[in-house]
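Grab a pencil and work through these exercises with the structure open beside you. Try each task on your own before you read its solution.

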Amino acid sequence: MGRSHSAGIAKRKKLYISYNNNIETIAFSPSCNSADVRELLIAICCAPRNSSMKLIDHNGNLVAISPTLEPNTVDDPYQLTVTTSRRDSMKEIKRLVSNMGEIFEKIIECNDNHDDLVKKIDYLEGQLQVECFQAIELEKCKMDLSQLKSKLSDEMSRLSVTAPVTARRDVAPYPKYVLSGETIAYLKQPTFDMWNWEPNEMLALLEHMYVDLNLITEFKINIIVLKKWLRAVQSKYRNNPFHNFRHCFCVAQMMYGMVHACNLQNKLSRKDLGILLTACVCHDLDHPGFNNTYQINARTELAVRYNDISPLENHHCAVCFEILADPETNIFQNVDKETFKEIRQGIIDLILSTDMARHGEIVQNFKAIAKIFDWQDPIKIKQLQAIMIKCCGDYRYRMLSRFEMPYRI
C-alpha cells in the first residue's frame, strides 16, 4: 500500500512559476487538462478567471498553458504575466466573442437550423459593435470630464485671487471707538506712548492707520475683512514679555509716525505704504520668545525646517500668509494676481530683513545710496523700506530699554 502511494506521488508533475518576483510551485497529475493548469495559475496570481495569461520559459519563448509543459527547476522558472480587464464593457465583449466561437463550432458539427444560427451570429455581431462603440464613447466622456475639471480648477484659482469677496458679518468685531482729533494727531507722532492703550483700542488705532493712508481704497479692502484680519493677527501673537501684540502695535505705529514725519505718503506709492505697514504688523507673528541663536543651537523644529537660515523670520512670513490664505481674513483678496505677487514678495523681503544677522549688510547697502537717492528707482525704494522697518524696531526697543521696559522679564 505504501509503494502504491509513492508511485502516485511520483507521477505528479511539479512546475516552478515566477510571478511578481516570487517563486510559486504548482503540481498536477497527467490526467489534468489545460483548464485545470490554468486554474492553478489563477490561484497563484489571484486574478479574475477572464484574465489574459502568458507563460514564458527560460529562453524567452511563449509556451502554451497545458499539462504537457516541460518540468523545470527553481533556477529557471516559467515567467507568468497576467493582464486583467479594465472595464465591464470589455468583459462583455470577451463574453460575446466566446459565444460566437461556440456558435461556429455548432455550425461545423451540424447543419440543422442553419438559418437560425446565422441570424443569431448577425445579432451577436451587432451587439459586439454596440459594446465597442459604448467603450469608445465612455473613454471620450472621461477625457471630456477631465478637461472640464481642469478648466474649472483654473477658473476657480483665478477667481480666488481676483474676484471680490464679501465677508460674512457673523463675527462680532471689536468695540467701535470714536477717535478724538487729539488722539488722531498724537498717533502720527514718533513719541506716541503705546503703554496707555488696551488691546481693543490698539486694534482700532491700527484700523485707522489703514484708513488714513488710503489703503482701504487702494486695495479695495472690505472693512469687515480688515477687522477680522486684525483679530486674526492679534490671536497669533503669543503672551511673551516682549514679542507680543503690543510690540507689533508699537512697531506699526512707529512706521506710521515716520511716514507722516517724513511726508512719505507723498513720495511712496500706496502699494509700498501698504507693504510697509502690513510687514510691521506681521513681523513677529507667533514669536516663541527665543531668538535665532537659541533656535539654531537647540536645533529646534523651526531651525531644522528652515535650515538655520533666519528660522524665526521665515516662520513669521509663513504665519502671515497662512492668515491671508483665508478669504475671511485676506485684506488683499480684491487685487489682481500680479499685484498680489508684488505685495507678497515685498512683505517677505521686509520681514526677512528684520533678522539682526543681516543688520550690517542692510545698513551698509543703504549708506551707499543715501547721499544720492532716486525716488523712481524700485531697488532703492526696497532698500529704504528695509532700513525703515529696522529703525522702527530698533528705535522703539531703545526707548523701551531706556524708559519703560518691564525689568522683571
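**Warm-up: one loop residue**

N20 is found in the loop between strand 1 and strand 2; strands here are DSSP runs of E with at least two residues, helices are runs of H or I with at least four, and both are numbered from the N terminus. Before going on, note that this is a predicted model, where local features need pLDDT of at least 70, side-chain atom pairs count only at pLDDT 80 or more, and totals for chains, interfaces and linings use all residues. Residues are numbered from 1 along each chain as its sequence is written, and side-chain values use heavy atoms, with hydrogens and water left out.

**Exercise 1.** Find the sign of phi at N20, and decide whether N20 is buried or exposed.

*Solution.* Start with the backbone: phi of N20 is near 55°, which is positive even though the residue is not glycine. Next, look at the hairpin of strand 1 and strand 2, which has two residues between the strands. Finally, check the surface: N20 has a relative accessible area of 55%, so it is exposed. The cut-offs are under 20% for buried, over 50% for exposed and partly exposed in between, using a 1.4 Å probe and protein chains only.

Now try D286, in the loop between helix 10 (270-282) and helix 11 (292-297). Its phi is also a positive value near 55°, but D286 counts as buried because its relative accessibility is 18%.

**Exercise 2.** Work out the strand order of the sheet, and name its edge strands.

*Solution.* Step one: the five strands make an open sheet in the order 2-1-5-3-4, with mixed pairing. Two strands pair if DSSP finds at least two bridges between them. Step two: strand 2 (22-28) and strand 4 (62-63) each pair on one side only, which puts them at the edges.

Step three: follow some pairs. Strand 1 and strand 2 are antiparallel and share seven bridges, with L15 facing I26 in strand 2 as its bridge partner. Strand 3 (residues 52-56) and strand 5 (residues 78-83) also run antiparallel, joined by five bridges, and S52 stands opposite T83 in strand 5.

**Exercise 3.** Find the residues that touch the most other members of the largest nonpolar core.

*Solution.* A nonpolar core is a set of buried Ala, Val, Leu, Ile, Met, Phe, Trp, Tyr and Cys residues joined through side-chain atoms within 4.5 Å. The largest one has 69 residues, and Y210, W229, F249, V281, I331 and I347 touch the most other members. Helix 9 (residues 245-261) gives the most to this core: eleven residues.

Zoom in on Y210. Once you skip neighbours within four places in sequence, its contacts (heavy atoms within 4.5 Å) include W229, V281 and I331. Apart from that core lies another of 18 residues, including M53, L55, L69 and V82. As a rule of thumb, nonpolar side chains in soluble globular proteins tend to be buried together.

**Exercise 4.** How many disulfides are there?

*Solution.* First, the rule: a disulfide is a pair of cysteine sulfur atoms within 2.5 Å. By that test, the count is zero. Check C248: the nearest cysteine sulfur belongs to C282 and is 7.3 Å away, and C248 is in no disulfide. Then C320: the nearest cysteine sulfur is again that of C282, 3.7 Å away, and C320 is in no disulfide either. C248 counts as buried at 0% relative accessibility, and C320 does too at 1%.
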